[in-house]
Amino acid sequence: MPNQSKPELELTFEAAGNVTRRRAVTFSGAQVTIAGAKVLGVSPDDVTNGDHGVVVASGTTIVEAGGAFAVGASLIADANGRAVASSGALSLKAGATAVTSTAANGAVLSGGEMPEHVFADALAVSSGAGALVEVLLRR
């Protein structure tokens, strides 16, 4: 599948620090610096600190990969705002409580945010760090 971008929703943000094009942006307007952080969207352009930019928040867009992954991989942002495959390992965040219930037929988690926030699914293979890959953004 060729790289393309078909945004359904674009949002304006004020950059809280420099943002590199095709990287994930947080709800505070900063480029993601913590792996697995919540993502507002992906910036299609470079944005300088204090300037206003746009993120693609829904639809498809092109993102820079931080590593190799397969088509269909669930993606999180790495500490540089690039897309990487989710580890898939669910762990409890500090303050969370594991509860078992026969009614729930397994473990139920409460008391905290999930440790990794999946923000997209890969629509193409990433050959490794620096690859530009089309993704379907999740909402």
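These legends walk through several close-up views of a predicted model.

**View 1. The whole protein is built from strands.** Count the elements and you get twelve strands and zero helices. Reading along the sequence just gives you β after β: β-β-β-β-β-β-β-β-β-β-β-β. Of the 139 residues, 40% are buried. The protein exposes about 7200 Å², and carbon and sulfur atoms supply 53% of that area. Now take the contacts between residues at least 6 apart in sequence: 60% of them join residues at least 24 apart.

**View 2. Here is the largest nonpolar core, with 21 residues.** Which residues have the most contacts inside this core? They are Phe69, Leu75, Phe119 and Leu137. Four strands give two or more residues each: S4 (52–64), S6 (74–77), S10 (120–122) and S12 (132–137). S12 gives the most, with three residues. There is also a second, separate core of seven residues, and Ala15, Val25, Leu40 and Val55 are among them. As a bit of background, nonpolar side chains in soluble globular proteins tend to be buried together.

**View 3. Leucine 75 and the residues around it.** Leave out residues up to four places away in sequence, and look at what leucine 75 still touches. One run of neighbours is Ala83, Val84, Ala85 and Ser86. Another is His117, Val118, Phe119, Ala120, Asp121 and Ala122. Phe69 and Val135 complete the list.

**View 4. Strand S12 pairs with S4 and with S10.** Next to S4, the pairing is antiparallel and runs over six bridges. One spot to find is glycine 59, whose bridge partner in S12 is leucine 137. That leucine is one of the residues with the most contacts inside the largest core. With S10, S12 again pairs in the antiparallel sense, over three bridges. Here aspartate 121 stands opposite leucine 136 of S12.

**View 5. Aspartate 78, in the loop between S6 and S7 (83–85).** Is this aspartate 78 buried or exposed? Its relative accessible area is 10%, and buried means under 20%, so aspartate 78 counts as buried. A polar atom of its side chain lies 2.8 Å from the backbone nitrogen of asparagine 80. Setting aside residues up to four places away in sequence, aspartate 78 touches Val32, Ile34, Ala35, Gly66 and Val84. Val84 may ring a bell, since leucine 75 touches Val84 too.

Technical notes
Residues are numbered from 1 along each chain as its sequence is written. This is a predicted model: local features need pLDDT of at least 70, side-chain atom pairs count only at pLDDT 80 or more; totals for chains, interfaces and linings use all residues. Side-chain values use heavy atoms; hydrogens and water are left out. A nonpolar core is a set of buried Ala, Val, Leu, Ile, Met, Phe, Trp, Tyr and Cys residues joined through side-chain atoms within 4.5 Å. Buried means under 20% relative accessible area, exposed over 50%, partly exposed in between (1.4 Å probe, protein chains only). Contact means heavy atoms within 4.5 Å. Accessible areas come from the Shrake-Rupley method with a 1.4 Å probe; for residues, only the protein chains shown count as cover. Two strands pair if DSSP finds at least two bridges between them. A polar contact is a pair of N or O atoms within 3.5 Å; within protein, one must be able to donate a hydrogen and the other to accept it, and residues adjacent in sequence count only if both atoms are side-chain atoms.
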